[in-house]
Protein chains: 4
Amino acid sequence: MTHKIAILGASGYTGAELVRLIATHPGMEVVALSANSKAGQSMAQAFPHLRHLDLPRLVTIDQINFADVDLCFCALPHKTSQEVISSLPQDLRIVDLSADFRLRDPAAYEKWYGNPHAAPTLQKEAVYGLTEFYREEIRAARLVAGTGCNAATGQYLLRPLITARLIDLDNIILDLKCGVSGAGRSLKENLLHAELSEGYHAYAVGGAHRHLGEFDQEFSALAGRDVHIQFTPHLVPANRGILATGYVQGNADAIHDALHDAYEDEPFLHVLPMGETPSTRHVRGSNFCHVGVVADRVAGRAIVVAALDNLTKGSSGQALQNANLMLNANETEGLMLAPVFP
Amino acid sequence: MTHKIAILGASGYTGAELVRLIATHPGMEVVALSANSKAGQSMAQAFPHLRHLDLPRLVTIDQINFADVDLCFCALPHKTSQEVISSLPQDLRIVDLSADFRLRDPAAYEKWYGNPHAAPTLQKEAVYGLTEFYREEIRAARLVAGTGCNAATGQYLLRPLITARLIDLDNIILDLKCGVSGAGRSLKENLLHAELSEGYHAYAVGGAHRHLGEFDQEFSALAGRDVHIQFTPHLVPANRGILATGYVQGNADAIHDALHDAYEDEPFLHVLPMGETPSTRHVRGSNFCHVGVVADRVAGRAIVVAALDNLTKGSSGQALQNANLMLNANETEGLMLAPVFP
Amino acid sequence: MTHKIAILGASGYTGAELVRLIATHPGMEVVALSANSKAGQSMAQAFPHLRHLDLPRLVTIDQINFADVDLCFCALPHKTSQEVISSLPQDLRIVDLSADFRLRDPAAYEKWYGNPHAAPTLQKEAVYGLTEFYREEIRAARLVAGTGCNAATGQYLLRPLITARLIDLDNIILDLKCGVSGAGRSLKENLLHAELSEGYHAYAVGGAHRHLGEFDQEFSALAGRDVHIQFTPHLVPANRGILATGYVQGNADAIHDALHDAYEDEPFLHVLPMGETPSTRHVRGSNFCHVGVVADRVAGRAIVVAALDNLTKGSSGQALQNANLMLNANETEGLMLAPVFP
Amino acid sequence: MTHKIAILGASGYTGAELVRLIATHPGMEVVALSANSKAGQSMAQAFPHLRHLDLPRLVTIDQINFADVDLCFCALPHKTSQEVISSLPQDLRIVDLSADFRLRDPAAYEKWYGNPHAAPTLQKEAVYGLTEFYREEIRAARLVAGTGCNAATGQYLLRPLITARLIDLDNIILDLKCGVSGAGRSLKENLLHAELSEGYHAYAVGGAHRHLGEFDQEFSALAGRDVHIQFTPHLVPANRGILATGYVQGNADAIHDALHDAYEDEPFLHVLPMGETPSTRHVRGSNFCHVGVVADRVAGRAIVVAALDNLTKGSSGQALQNANLMLNANETEGLMLAPVFP
């Protein structure tokens, strides 16, 4: 059986990544693609790498007949997403890739995004899309909120440690290095090749990055108390990849055991042997996440490192994995593509 | 039915690329991997991006039981390849990715490679592996010689024009730009990141590149007379990709028609609309080749441009396509992966 | 004696490169910097790499008192430049880096730039800024027109060959590879890091690039007849650099001799030993241009290759070299910085 | 007055960087260059970007007449360096760029480098080359030990905070991102372009990096007690640059004040306004170091970030700055080159 798929916001990188993945998915067919500013173009004009595929032309959202759609991926900018989803049929299965439905608390949403939420009922309905930890809720959900790509990476590192109470909750530092595509396809001077290549820097330093809203929500819920980690993202001259380096206080062997136990049956999460750490180049273009643990020379401290591809496991791959669950398909369908190296 | 596959020379880039592609091929299983200098290691040690796969450990060639193998990919260095293949069972299907069996004429081989051929009988038996032009011979072959990656790109551009006698055979210039992985995983100072990134240069200038042996052989055979093109490769700071820019004398519209006619039924070759030219970034990680034609402002001249991924369509993807033919499988099986962009 | 310098359009890459070079020039002081859209900012805000310099704040052009200025660099977009320069004092020495005064023939200007020239008198007055070939005119000029960066590279390769009548004028092909900064700091989707890095392509194929106007003007004047070369630029994922590969018909040794003779006393032009070709990485950040010649295997054909840094020798370095001449300073002052490698 | 300079180990990146800087230094002349494996070659063969300079040919060390040398830079591999320097004239001024003389305690040297020191007397004599903090000792020294490039970056961040007792000495984390040239020009598989570009990873995780020996020595001496920081370096696909992100516990404003006070008269150290952080791209190719401070959202925590160019301020620029002091030249001579951006 083939499910009919719509993708809203198909002219951005996460939209294109969804099309790339669905191209070899045996149970899905793309029946509608929207991109307001490029409506009327073929997908090959917006993304020539998809030229070989037989795809519908880009249209505006109101040109889509959602009655023919089994599941809709929404890859729109945040704020736009909540407005659009409010206007879609109330029984349509939706995987949203924006930030709009990640935070359950309206006050937290307003704090991090600067405006009141325009669709609080939907916000309440939405299930947080970190597949490995919300699998059953996602299977039953109508609306799933894709996580932030940095937020996913950090949670893969830290959730099992918080749950097992293995680390000091007041001393968690996450130093993250992300690739350029995480910033999207928007026209900003600081995203030009000549500005970015051959250099790197920290940004949103000191606790200003919005993905902290997700960390606070999820880690506090797990711990049963407020948890506020320190988090500094850095922009690195590579197109894909997130490498998260976590500094925690706890026993490294116990931490490695906890991660191993948490993920040993997971198809996409691989815990490396004790003492090894991952590289973004070894997950590029794939839905895999590699995790490593090393004991620090300072007693009682450990370094935990995770690597994933921000566009795949951090966003569109996660979205497809969730869609598979919502449609009762095999969870790994279309997602077992090996990483592309070199 | 699942065919049992061996890959010799699995610790190089073309070996890893074969494993990546076969990973999602429904009709093949890797049963043996050799890598003399890394024998004993797991494939995940040599290539951590393949960690998620259940693969045999790297062994030496003499440890492989070829009776259990349906088809063997040989991704060894040239010269080594002819020695090894001579010693393999005489009825084993082999796709060789080295340069050893590309030239049919022993004198031409010796001219370009500097030593007499050690296996002239095999050289005679081998079929040239440019799939779209030797399809029937490959289907019937036991030993197929993968083409040079540059040689494939140039031939996709020029063969239909020579066959249709549309261009001046004495004025063909091929200016080619190739990515770094084409040089392999060997330890050379000029392949270090600090040497290569942020700069580019021509090499083997003036007709010194060995792939000219293939151009001479194939184009002369097509034309029924000697054809000696000019060919200058350049090394560009990107890991994958070949962009070939051809300067020819002939009518651009007729050239575009000839390319269109030649490739319209080909699954992997896409001729762009007249006046458009391709980019390597839009075929990266895939088996597709994009071809474009533009008329020059100088009357009677045309520019033809082709882009492919040297590791996929230029090497391992081509090899797998040929293996599919040799095993009576669907020719595109395992090869419809969409390019990875960005 | 210190000359007072103004730079108009200082928030672009050529403006910043001028400031970088003047920073270690013993006879120049920057007294005014304009940047309309960033007026009011410090130069360190627009370009943090210039933070260590004591520079005037960015202003609008009308805020500059040109009576205090000895020489003005104009690094504005084309078309804007002709309007602005028309309004500047008629006795102010100006080096213009835009395209506005490169073409002497108003009809040629209109053909390539699509609009009639707004300052035809100035156009007549301007001297073409290819230093090594217009040195005496530049020394005496009030208004010098910086050349196109590609146009400079191609002319360094070809002028001596045309002058010495060593090559077939009807068979000149220039295949050029340029870095990203040549496209400037403008916000275009195709200049984003995620779009450009790891891929490359041809553009303005078939004779559409505006620098052909300069080639036509200069080569025809040298030859005393119309010369129309073929010219295909390619965009390569590196920030700086132009590599021009020329395909000509003539005797390679004679060509090498002619280039050697033309440049042996030039401080910035280095002809490599016969058979060697240059790399952009070896001129990066400098005012040097390396040139090489190789005989092709096809008799009577040669490949000539030149490399320079588009922002330095191709633009701001050339402008400073010309300014030195106009101010009776040592021509090489401030320009002997060694290339930065790696 | 022109000082005569020898550079041992001139075929590596730090050797070439020394030559690049000395090329525009008005008071130094390179009279000897050694490179054992490339002896007999011209410097232009080893480093074509230095082609424009009139330099002595590469020789072996024993071919150098040190009587004609005023100061010798030793850019040899560690361990080799101590052997070579032992055999040089005892009154020759030497700036060593290797790791051999950085650690004052023979036991610490043996712990971090795995072998007993072969020149303990010289080890005692050597002055640690972190210019801004050992200026007077360096002025009087005969033998100066260049610091590790990571060690320099971390110390610029942390020394003033430790001295002023502003941070918790038991909770200092340094997460560092360095460019590829820091690993030198050695032939290692993991330094190939195809391996490194487009990916990044941590290495020497958990306290295994040798530069920790320097941190321990210097910070403990400053604090008057043992200080053992946590330090994780990461390799990033850029040729030049170190970005050090420090996580400390203390008052951010006081920290900013302390850094500002420490560096306000320093020509090469620039403390950014409170709340801003630096980028490696804005110091590339220069001797400058930019430092920034941000208060974390977690009360009592601060993030401090420093950026410098590992080959310049982190190595060869530092060495030249020290040589200037040793030769009673202006400390900034030859070092005020502006960064190269883009």
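## Exercises on strands and chain contacts

**Exercise 1.** Determine how the two sides of strand β4 of chain C, residues 71-74, are covered.

*Solution.* Step 1: take one side of the strand, where C:L71 and C:F73 are both buried. Step 2: take the other side, where C:C72 and C:C74 are buried too. A residue is buried if 20 or more other C-beta atoms, placed from the backbone, lie within 10 Å of its own. Step 3: both faces are therefore read separately because in a regular strand the side chains alternate between the two faces of the sheet.

The model is predicted: local features need pLDDT of at least 70, side-chain atom pairs count only at pLDDT 80 or more, and totals for chains, interfaces and linings use all residues. Residues are numbered from 1 along each chain as its sequence is written, and chains are lettered from A and ligands numbered from 1 in the order in which they are written.

**Exercise 2.** Find the strands that pair with β4(C), and describe the path from β4(C) to β5(C).

*Solution.* Strands (E, at least two residues) and helices (H or I, at least four) are DSSP runs, numbered from the N terminus. Two strands pair if DSSP finds at least two bridges between them. Step 1: β1(C), residues 3-8, pairs with β4(C) in the parallel sense over 4 bridges, and C:I7 stands opposite C:F73. Step 2: β5(C), residues 93-96, is also parallel to β4(C), over 4 bridges; here C:C74 stands opposite C:D96. Step 3: between β4(C) and β5(C) the chain passes through helix α3(C), residues 80-86, in a right-handed β-α-β crossover. Right-handed means that, with the strands pointing away from the viewer, the path from the first strand over the helix to the second runs clockwise.

**Exercise 3.** Establish how chain D is related to chain A, and through which surface the copies meet.

*Solution.* Step 1: superpose the copies by least squares on the C-alpha atoms of residues with pLDDT of at least 70 in both. A turn of 180° and a shift of 0.0 Å along the axis lay chain D on chain A with an RMSD of 0.0 Å. The two copies are thus related as by a two-fold rotation axis. Step 2: look at the contacts (C-beta atoms, placed from the backbone, within 7 Å). There, 40 residues of chain D are in contact with 40 residues of chain A. Step 3: 100% of the interface residues of chain D are also interface residues in chain A, so the copies meet through the same surface.

Technical notes. Buried ≥ 20, exposed ≤ 12 C-beta atoms within 10 Å, placed from the backbone. Contact = placed C-beta atoms within 7 Å.
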